Amino acid sequence: MNDDHLLMAKALRLAEKGMYTTTPNPRVGCVIARNGRVISEGWHERAGGAHAEVFALERAGVAAKDATVYVTLEPCSHQGRTPPCVDALIRAGVARVVTAMRDPNPVVSGAGMQRLRDAGVTVDCGVLESQARELNIGYISRMTAGRPWMRVKIASGLDGKTALENGASQWITSAHARRDAHRWRARSCAVMTGIGTLTDDDPRLTVREVETPRQPLRVVVDSRLRIAPGSKIFSGGGVLVATASDDEAKITQISGLGAEVLVLPDQYGKVDLRRLVAELAARGLNEVLVEAGINLHSALLRAGAVDELLLYFAPKLLGDRGRGMFDLGALSDMDAVPELAVTEMRQIGPDLRMLARLKNTTCLPES
């Protein structure tokens with residue numbers, strides 16, 4: 001029904017208000033209506049706080065009886081930090097619940113809707129599902145694949161070069177693009193970089209261009225613990241250093257700066273990136289933004305740990321000797337070329353922003 005789509009679209013806009021705050025929970029919005037007229041609304045603001053349905057029910061009061069509830073994710077049916085939302089909906093006497101998608105959390109998936117149906121509530125699922133999935137793509141990835149949604153951000157010229165031959169790269173893109181990139185930082189649970197980028201640029205990797213109530217975790221991949229104690233990254237929030245080194249003196253030094261050191265060696269003496277992303281998921285991180293250089297980009301791609309590319313193309317040419325985005329080795333067969341699906345292309349100031357998702361990375365040669 002048309003009202004269903006309009007009211008679910010409103011619920012999705014409400015869910016977006018929790019874009020920077022709900023981690024590790026999903027972003028959820030709720031609208032309560034009768035005969036197409038909105039009675040109340042709510043959204044999940046932060047983990048540990050009331051869920052969207054509870055906010056909306058409290059505002060509706062007795063008017064919620066026999067009403068229709070539009071919620072962007074299946075209502076929870078288990079006791080977490082807060083009581084089950086299905087119990088509140090049943091107590092309120094709602095007549096119908098329309099949900100955009102089933103909760104991918106195996107503790108909930110399908111159980112919330114079944115509880116409602118058992119209580120005599122009409123339940124419909126799948127209204128604007130694709131939009132709801134995009135809103136919580138990291139949460140879905142963590143629940144179904146056991147890892148965060150890994151988004152690699154790269155700024156380059158139109159020829160795909162990310163820096164000049166001498167490494168100079170500031171600034172390829174405009175202030176418009178850099179401000180836009182901070183929005184992606186703000187929505188991310190963590191920002192990841194490599195020791196090469198840290199050494200060359202000494203970035204803070206904090207969100208500064210947009211207002212946000214929390215800073216993402218900063219993750220540094222540093223196999224040999226070469227990170228300098230005076231690095232700017234040690235100011236402004238939490239830092240996790242992933243390493244393959246068991247040098248106790250260095251670990252103690254870095255820990256003394258307030259950072260956590262995670263030792264995850266692989267068989268080659270480098271950081272085991274698959275284990276790292278699994279560890280990040282286990283900590284409740286839904287989305288990770290990678291802002292690094294060619295070495296970490298390539299290693300993550302080979303590990304099958306890249307889901308999406310966030311590419312900013314400046315109207316510039318850096319030349320054939322400039323640094324590239326990825327080192328894929330000597331590819332000799334088109335079947336071995338990683339394939340992308342472009343999902344969005346937009347102009348940001350003078351630059352172009354492209355979102356592209358990896359379709360396959362299984363045929364890359366070993367480095």
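This is a short talk on the fold, the cysteines, one helix and a few backbone and side-chain details of a predicted model.

I'll start with the whole protein. The model has 11 helices and 14 strands. Its radius of gyration is 23 Å, and the globule rule gives 21 Å for 367 residues, so the protein is as compact as a globular protein of that length. Along the principal axes, the C-alpha atoms fill a box of roughly 65 × 45 × 40 Å.

Next, burial and contacts. Of the 367 residues, 52% count as buried. The surface that remains exposed comes to about 16,900 Å², and carbon and sulfur atoms supply 49% of that area. If you take the contacts with a separation of 6 or more, 69% of them are between residues 24 or more positions apart.

Now the cysteines, since someone usually asks. How many disulfides does a search of the whole structure find? The count is 0. Take Cys 76: the nearest cysteine sulfur belongs to Cys 85 and is 3.6 Å away. A disulfide needs the two sulfur atoms within 2.5 Å, and Cys 76 is in no disulfide. Cys 189 is in no disulfide either, and for that residue the nearest cysteine sulfur is that of Cys 76, at 19 Å. Are these two cysteines buried or exposed? Cys 76 has 8% relative accessibility and counts as buried. Cys 189 is buried as well, with a relative accessible area of 8%. The cut-off for buried is under 20%.

On to one helix, H6, which covers residues 137-145. Its buried residues are Ile 137, Gly 138, Tyr 139, Ile 140, Ser 141 and Arg 142. Note that Arg 142 is on that list, along with Ser 141. What covers them? Among the elements that do so are two helices, H5 at 129-135 and H10 at 273-282. The cover also includes strands S6 at 149-157, S11 at 287-290 and S14 at 351-360. After H6 comes Gly 146, with a positive phi near 75°.

That brings me to the backbone elsewhere. The peptide bond from Thr 23 to Pro 24 is cis, with omega near 5°. Pro 24 sits in the loop between helix H1, residues 2-15, and strand S1, residues 29-34.

Two leucines have a positive phi. For Leu 205, phi is near 60°. Leu 205 belongs to the loop between helix H8, at 195-201, and strand S8, at 217-221. Although in a loop, Leu 205 is buried, with a relative accessible area of 3%. The other is Leu 225, with phi near 50°. Leu 225 is in the loop between S8 and strand S9, the latter at 239-243. With 4% relative accessibility, Leu 225 also counts as buried.

Last, the aromatic rings. Which residues place a charge over a tryptophan ring? One is Lys 17, whose charged end sits over the ring of Trp 43, 4.5 Å from the centre. Another is Arg 178, which lies over the face of Trp 171 at 4.3 Å from the ring centre. As for rings pairing with each other, the structure holds 0 aromatic pairs.

To go back over the main items: 0 disulfides, a cis bond ahead of Pro 24, and two buried leucines with positive phi, Leu 205 and Leu 225.

Definitions and conventions: Residues numbered from 1 in each chain as written. Predicted model: local features only at pLDDT ≥ 70, side-chain atom pairs only at ≥ 80, totals over all residues. Heavy atoms only, no water. Phe/Tyr/Trp six-rings, centres within 6.5 Å; stacked < 30°, edge-to-face > 60°. Lys NZ or Arg CZ within 6 Å of the ring centre and 35° of its normal. Helix = DSSP H or I, 4+ residues; strand = E, 2+ residues; numbered from the N terminus. Rg over C-alpha atoms; globule rule 2.2 N^0.38 Å. Buried < 20%, exposed > 50% of the residue type's maximum accessible area, 1.4 Å probe, protein only. Contact = heavy atoms within 4.5 Å. Areas by Shrake-Rupley, 256 points an atom, 1.4 Å probe, with all protein chains shown as cover.
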